[in-house]
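Dear colleague,

I am handing over the structure below, and after it I set out what was found. Please read the notes with the structure open beside you.

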Amino acid sequence: QVHLVESGGGLVQAGGSLRLSCAASGGTFSNYAMGWFRQAPGKEREFVAGVSRGGSRTYYGDSMKGRFTISRDNAKNTVYLQMNSLKPDDTAVYFCAADRDPPTYLSATNYAEDYDYWGQGTQVTVSS
């Protein structure tokens, strides 16, 4: 069982930046592919970014490419999401998730149903 706790959300003006963190406990962190998802009111959960077990391969949702960067520190059991050039449309609750059985060492799926453990979420609000 993996316990995930997100932090770093808040209120920021459009064009600003935030760095989210997700601390994991209760498992062998390097065994899990990690992902970030977000959900805005009235919308479905959306894939933001994923990172492979070792951190060498990253994946992004189309609207995040070039603005967001996912990374992980396996020594600290933490995954990060650096968000730059934020837009009001980025306003959502951001969740981190762990996939205990990625297909390959380099995989990080963009399907929420493939992830086994979820954090409680952190609110990100971008004002115009």
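A good place to begin is the pairing of two residues across neighbouring strands, where Leu20 has Leu81 in S8 as its bridge partner. Please keep in mind throughout that this is a predicted model. The two strands concerned, S3 and S8, pair in the antiparallel sense over six bridges, and S8 also pairs with S7, again antiparallel and over six bridges. On that side Asp73 stands opposite Thr78 in S8, and S7 and S8 form a hairpin with four residues between them, in whose turn Asn77 has a positive phi of about 55°. Because five of the six residues of S8 are buried, this strand is largely enclosed by the rest of the structure.

Leu81 leads on to the interior, since the largest nonpolar core, which has 29 residues, counts Leu81 among the members with the most contacts inside it, together with Leu4, Trp36, Met83 and Tyr94. At least two residues of this core come from each of several strands, among them S3 (18-25), S4 (33-39), S8 (78-83) and S9 (92-99). A second, separate core of six residues includes Ala33, Phe37, Ala97 and Tyr115. In soluble globular proteins, nonpolar side chains tend to be buried together.

The structure also holds one disulfide, which joins Cys22 to Cys96 with an S to S distance of 1.9 Å. The torsion about the S-S bond of Cys22 and Cys96 is about 40°, so the disulfide is right-handed. Since Cys22 lies in strand S3 and Cys96 in strand S9, the pair ties together parts that are 74 residues apart in sequence. Cys22 is buried, with a relative accessible area of 0%, and Cys96 likewise counts as buried at 0% relative accessibility.

Finally, I would point you to Arg38, which has its place in strand S4. Is Arg38 buried or exposed? With a relative accessible area of 6%, Arg38 counts as buried, because the cut-off for that term is under 20%. Its side chain makes a polar contact of 2.8 Å with the side chain of Asp90 and another, of 2.9 Å, with the side chain of Tyr94. Other residues that Arg38 touches include Glu46, Val48 and Phe68, and Tyr94 in turn touches residues including Trp36, Val48, Phe68, Leu81 and Met83.

With best wishes

How values were computed
Residues numbered from 1 in each chain as written. Predicted model: local features only at pLDDT ≥ 70, side-chain atom pairs only at ≥ 80, totals over all residues. Heavy atoms only, no water. Core = buried A, V, L, I, M, F, W, Y, C linked by side-chain atoms within 4.5 Å. Buried < 20%, exposed > 50% of the residue type's maximum accessible area, 1.4 Å probe, protein only. Contact = heavy atoms within 4.5 Å. Disulfide = S-S within 2.5 Å. Polar contact = N/O pair within 3.5 Å; in protein donor to acceptor, adjacent residues only side chain to side chain. Pairing = 2+ DSSP bridges. Lists of a residue's contacts leave out its neighbours within four places in sequence.
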